[in-house]
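Reader: I'm new to this one and would love a close look at a single part. Could you walk me through the place where the domains meet?

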Amino acid sequence: MNTKVRPNRAKLLISCPEKPGIISTVTNFLLEHKANIVHFDQHTTDPQAGIFFMRIEFDLEEYDATYKKIENDLDELARDYALDWQLSSNERRKRMAIFVSKADHCLTELIWRWKSNEIPVDIPMVISNHPDLKEMVEGYGIPFYHIPLTQDTKEEAEQKTVELLKGKVDFIVLARYMQILSPKFISHYPKQIINIHHSFLPAFVGANPYVRAFNRGVKLIGATAHYVTNDLDEGPIIEQDVQRINHRYTAADLKTAGRHVEKRVLAEAVSWHVEDKVLVHGNKTIVFA
């Protein structure tokens, strides 16, 4: 992983109907704007009648004068070629809010990678429905907000959370946040909420999944990071991983191993999102990792 952030670098994500000449059109467009392409990835679902996806990283010598012009001119290009596009720059760091309950393994992994600049983001806040991790989070200089949530207060608590987030964050990470977000809340951050769960779902739904997995004698454990949608744990998958286990593992060993997989998978998914390496297409993702 390259942790050096180049301030004059920009990233362009494009999706559009497959059409001959689209690569040439886009690269020539960037050349005309004096952009130096340093990374290029592309994928098509079908060479004849599919959807075309492209990710380009490029450097700009005269960043201030050129970036805004590229942004404006892309609108015209998009009309001609039916492009959906997203332009971002290292000049502005993404702002990540973290939601957490009591388990701290995913939270601490994200904070560690943030501190080491492996994930170049700002963390304006951590929000929790429990106060347990307040001291740890504030020890890193990150504001911590305890917003209790019960079935009776769910709507009020979510509205308070929305007000707290407004204008301060770009995306949200559920770092083992043990609450289900309402469709109303999700609508404020479409394709901008990342969740992590153990890959036993749906076979081991509910409480104590690792104990239930132990009782079934499973041979693989894993985790899945995905974008949150209104369909519980069925959003577009960003990253997955597994670890093989055997009969010597106790239920406690499974839980420990599972935590390691969970924090690794979530951190990778967040990193790819921050680096603009993920394109969502329907209920799937194209990840240029």
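Author: Here is a tour of that meeting place, with a little of its surroundings.

Keep in mind that this is a predicted model. The protein chain splits into domain 1, covering 3–89, and domain 2, covering 94–287. Measure from one C-alpha centre to the other and you get 31 Å between domain 1 and domain 2.

Now for the meeting place itself. Twelve residues of domain 1 touch twelve residues of domain 2. Between them, domain 1 and domain 2 bury about 930 Å², and carbon and sulfur atoms account for 65% of that area.

What about charges and polar atoms? Side chains of opposite charge can pair up when their charged atoms get close. Between domain 1 and domain 2 the count is one salt bridge. Look for the side chains of K11 and D276, which meet in a salt bridge at 3.5 Å, N to O. As for polar contacts, four residue pairs turn up across the interface of domain 1 and domain 2, with both partners at pLDDT 80 or more.

Which strands supply the domain 1 side? At least two residues each come from β1 (9–17), β3 (51–60) and β4 (84–89). Of the contributors, β3 gives the most, with four residues on the side that touches domain 2. Sorted by class, that side of domain 1 has six nonpolar residues, four polar ones and two charged ones.

There's a database label around here too. An unreviewed UniProt entry puts the feature "domain: ACT" at residues 11–95. Over residues 11–95, the chain is 35% helix and 41% strand, and the C-alpha atoms at the two ends sit 17 Å apart.

One last stop: the salt bridges of the whole structure, which number 18. Another one to find joins the side chains of R93 and D122, at 3.1 Å, N to O. That pair links distant parts of the chain, as R93 is in the loop between β4 and β5 (94–100) while D122 is in strand β6 (residues 121–128), 29 residues apart.

Terms used:
Residues numbered from 1 in each chain as written. Predicted model: local features only at pLDDT ≥ 70, side-chain atom pairs only at ≥ 80, totals over all residues. Heavy atoms only, no water. Domains from an automatic or database assignment. Contact = heavy atoms within 4.5 Å. Buried area = accessible area lost by both parts, 1.4 Å probe. Salt bridge = Lys/Arg side-chain N within 4 Å of Asp/Glu carboxyl O. Polar contact = N/O pair within 3.5 Å; in protein donor to acceptor, adjacent residues only side chain to side chain. Nonpolar A, V, L, I, M, F, W, Y, C, P; charged D, E, K, R; others polar. UniProt positions renumbered as here; feature names shortened; annotations may be inferred.
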